[in-house]
Amino acid sequence: MEDKTILVVGATGFLAKIFLEKVLRVQPNIKKVFLLLRAADAKSAAHRLNNEILGTDLFNLLKEKLGANFNSFISEKLTVFPGDICYEDLGLKDSTLKEEICNQVDFCLLLLGGIETLFFTLVPFENADMT
Ligand SMILES: NC(=O)c1ccc[n+]([C@@H]2O[C@H](COP(=O)([O-])OP(=O)(O)OC[C@H]3O[C@@H](n4cnc5c(N)ncnc54)[C@H](OP(=O)(O)O)[C@@H]3O)[C@@H](O)[C@H]2O)c1
């Protein structure tokens, strides 16, 4: 994962949270993780990140490991944005962010609920269709 950028969809979910914590803890040289969260706006997405992901006990080990550097590490590595995979362009309204994601993401991890979705999909982003 060194110097790679990934997009995680379904990050509030059970499996994706475990994946995210593990990647940040054991692969800290990952470049960036974009997190798509279902939310009305950027503020609500950030709220979900803090309450439903980083605020859970799962992240205690990483907090212990990084100590006072935890918040700056998270700010450097994570970019959270509101979206929904059911909509065109993942529901992304911010065109600058959309361009950033298209240009920077190496892999996309989809961990969505429901038996009709793929269980674990890690695809090179160049093969992903954003239209
Ligand atoms: N958990 C297990 O032990 C296990 C074992 C084998 C297979 N699986 C399979 O693995 C997959 C993930 O499981 P999980 O337990 O991690 O699921 P989960 O806890 O139900 O999480 C699902 C995630 O998908 C997100 N999501 C759903 N629809 C979305 C949409 N339209 N746009 C964006 N995000 C969306 C949810 O967001 P919200 O928070 O907004 O709802 C949530 O973050 C499922 O297909 C499951 O069947 C799980």
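**Exercise 1. Find the contacts of V8 and the core around it.**

*Task:* Leaving aside neighbours within four places in sequence, which residues is V8 in contact with?

*Solution:* Beyond those close neighbours, V8 touches A16, F19, V33, F34, L35, L36 and L109. Keep in mind as you look that this is a predicted model.

Next, place V8 in a wider setting. The largest nonpolar core has 23 residues, and V8 and L78 are those with the most contacts inside it. The elements giving two or more residues to this core are β1 (5-9), α1, β2 (32-37), α2 and α4. Helix α1 provides the largest share, five residues.

Now look for a second core. Another one, of 12 residues, lies apart from the core just described, and V9, F81, V105 and L110 are among its members.

**Exercise 2. Lay out the fold.**

*Task:* How many helices and strands are there in the chain, and what pattern do they follow along the sequence?

*Solution:* Start by counting: the chain has five helices and five strands. Then read along the sequence, where the pattern is β-α-β-α-α-α-β-α-β-β.

Now ask how far apart in sequence the contacting residues are. Take the contacts between residues at least 6 apart in sequence: 71% of them join residues at least 24 apart.

Finish with burial and surface. Of the 131 residues in the chain, 37% are buried. The chain exposes about 7700 Å², and carbon and sulfur atoms supply 53% of that area.

**Exercise 3. Compare two residues of one helix.**

*Task:* A45 lies in helix α2 (residues 42-54), and K43 lies in helix α2 too. Is A45 buried or exposed, and is K43 buried or exposed?

*Solution:* Begin with A45. Its relative accessible area is 0%; buried means under 20%, so A45 is buried.

Who is around A45? Setting aside neighbours within four places in sequence, A45 contacts L37, A39, V80, F81 and P82. A45 and F81 are 36 residues apart along the chain, yet their C-alpha atoms are separated by 6.0 Å.

Turn to K43. Exposed means over 50% relative accessible area, and K43 has 72%, so K43 counts as exposed. The C-alpha atoms of K43 and P82, which are 39 residues apart along the chain, are separated by 8.7 Å.

**Exercise 4. Inspect a surface patch.**

*Task:* Which residues make the nonpolar surface patch of about 370 Å²?

*Solution:* The patch is made by F14, L15, I18 and L58. Pick F14 as an example: F14 is found in helix α1 (residues 14-26). With a relative accessible area of 66%, F14 is exposed.

**Exercise 5. Look at the salt bridges.**

*Task:* How many salt bridges does a search of the whole structure find, and how much of their partners is accessible?

*Solution:* The search finds four. Let us go through three of them, one at a time.

- E52 and R48: the closest N and O atoms are 2.8 Å apart. E52 and R48 are four residues apart in helix α2, which means that about one helical turn separates them. E52 is partly exposed at 29% relative accessibility, and R48 is partly exposed at 23%.
- K98 and D89: the closest N and O atoms are 2.4 Å apart. K98 is partly exposed, with a relative accessible area of 27%, whereas D89 counts as buried at 14%.
- K77 and E76: the closest N and O atoms are 3.7 Å apart. K77 has 7% relative accessibility and so counts as buried.

**Exercise 6. Decide where to read with care.**

*Task:* Where in the chain is confidence lowest, and where is confidence highest?

*Solution:* First take the overall figures. The mean pLDDT of the chain is 87, and 85% of its residues reach 70 or more.

Next, go element by element. Confidence is lowest in strand β5 (residues 121-124), with a mean of 50, and highest in helix α4 (residues 70-77), at 98.

Then look at one stretch in particular. Over residues 115-122 pLDDT stays under 50, and the model has 15 contacts beyond four places in sequence for these residues. Where pLDDT is low, predicted coordinates should not be read in detail.

Technical notes
Residues are numbered from 1 along each chain as its sequence is written. This is a predicted model: local features need pLDDT of at least 70, side-chain atom pairs count only at pLDDT 80 or more; totals for chains, interfaces and linings use all residues. Side-chain values use heavy atoms; hydrogens and water are left out. Buried means under 20% relative accessible area, exposed over 50%, partly exposed in between (1.4 Å probe, protein chains only). Contact means heavy atoms within 4.5 Å. Accessible areas come from the Shrake-Rupley method with a 1.4 Å probe; for residues, only the protein chains shown count as cover. Patches are made of residues with over 30% relative accessible area and no salt bridge: like charges are joined within 9 Å, nonpolar side chains (Val, Leu, Ile, Met, Phe, Trp, Tyr) within 5 Å. A salt bridge is a side-chain nitrogen of Lys or Arg within 4 Å of a carboxyl oxygen of Asp or Glu. pLDDT is the predictor's confidence in each residue, from 0 to 100. A nonpolar core is a set of buried Ala, Val, Leu, Ile, Met, Phe, Trp, Tyr and Cys residues joined through side-chain atoms within 4.5 Å.
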